[in-house]
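Hi everyone, thanks for coming. I'd like to walk you through one fold today, so let's put it on the screen.

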Amino acid sequence: MAEILSSADRRKVDESDDREFYRSPRLVTHADDAFLSRLTELYAAVAQPGDRVFDAMSSWRSFLPDYEFEHVVGHGLNETELDENNRLDERFVQSFNREQSLPLATDSVDVLCCALSVQYLQYPGATFEEFGRVLDTDGVAVVSFTNRMFPTKAVRAWRNRTMDERAALVEQYLEAGGLSRTRRVAERPGSNPFYAVVGRRPDEG
Ligand SMILES: C[S@@+](CC[C@H](N)C(=O)[O-])C[C@H]1O[C@@H](n2cnc3c(N)ncnc32)[C@H](O)[C@@H]1O
């Protein structure tokens, strides 16, 4: 597939391997409490108990609602962070900037979460193609972000864009996964803007 970002757009100030940057665990949060509560509220609105969840680009905290899910797979770049995350039934570490193929079966996920992380993807087209593959036909993807980031690790295309332009870029990423935006949220619940794009397969509501 043709990649969405040009080689200039995918440049990072710090071009070293992302796995090095995440070698030491960071047991911190990346947005304020109001943002994180709003995220949980959004997940609660789109997910259902019994769902199979994939929390991509995750860390030590889970923002999933207190539902009994069938299975929660977490992915991240730091094993210690993922081990601390008590909502995960299964976990794997993988840099999507090196390898986009996911070790997950086709149609095996009902809810795909990607929180506060999409700005680090250098090959979003191939990565979201995989997100789309693992998402079941009536599944839902929620990509959330704010104006905070590790600037040296965010791609140039992200750094150069306004918040609304970033939301439009995320919608292009979803399209690469065969998903269309069903909802875009842009709010300011606290000091960090809350942006989220919800995507589903067309005709699935
Ligand atoms: C700011 S943290 C957000 C973590 C979590 N989603 C949260 O909201 O607390 C950014 C996360 O992006 C993920 N990440 C960064 N670069 C990555 C890469 N090259 N491949 C895969 N994941 C990456 C890591 O899991 C890292 O913890």
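**Around helix α4**

Let me start in the middle of things: the buried residues of α4 are covered by elements that include β1 (52-56), β4 (109-115), β5 (135-145) and α6 (163-176). Please keep in mind that this is a predicted model.

So which residues of helix α4 are buried? Running along residues 124-134, they are P124, T127, F128, F131, G132 and V134.

Now let's turn to the core. The largest nonpolar core has 54 residues, and the members that touch the most others are L112, C113, A141 and V142. As a general point, nonpolar side chains in soluble globular proteins tend to be buried together.

I'd like to pick out C113 from that group. What does C113 contact, once we set aside its neighbours within four places in sequence? The list is Y43, V53, D55, A56 and V142.

Let's zoom out to the whole chain. We have 6 helices and 7 strands, and from the N terminus the order reads α-α-β-β-α-β-β-α-β-α-α-β-β. The radius of gyration is 16 Å, close to the 17 Å that the globule rule gives for 205 residues, so the chain is as compact as a globular protein of that length. If you like to picture a box, the C-alpha atoms fill one of roughly 40 × 40 × 35 Å along the principal axes.

Two last numbers for you. Of the 205 residues, 42% are buried. And among contacts with a separation of 6 or more, 67% join residues 24 or more positions apart.

Thanks, and I'm happy to rotate the view for anyone!

Definitions and conventions:
Residues are numbered from 1 along each chain as its sequence is written. This is a predicted model: local features need pLDDT of at least 70, side-chain atom pairs count only at pLDDT 80 or more; totals for chains, interfaces and linings use all residues. A nonpolar core is a set of buried Ala, Val, Leu, Ile, Met, Phe, Trp, Tyr and Cys residues joined through C-beta atoms within 7 Å. A residue is buried if 20 or more other C-beta atoms lie within 10 Å of its own, exposed if 12 or fewer, and partly exposed in between; C-beta atoms are placed from the backbone. Two residues are in contact if their C-beta atoms, placed from the backbone, lie within 7 Å. Helices (H or I, at least four residues) and strands (E, at least two) are DSSP runs, numbered from the N terminus. The radius of gyration is taken over C-alpha atoms; the globule rule is 2.2 Å times the number of residues to the power 0.38.
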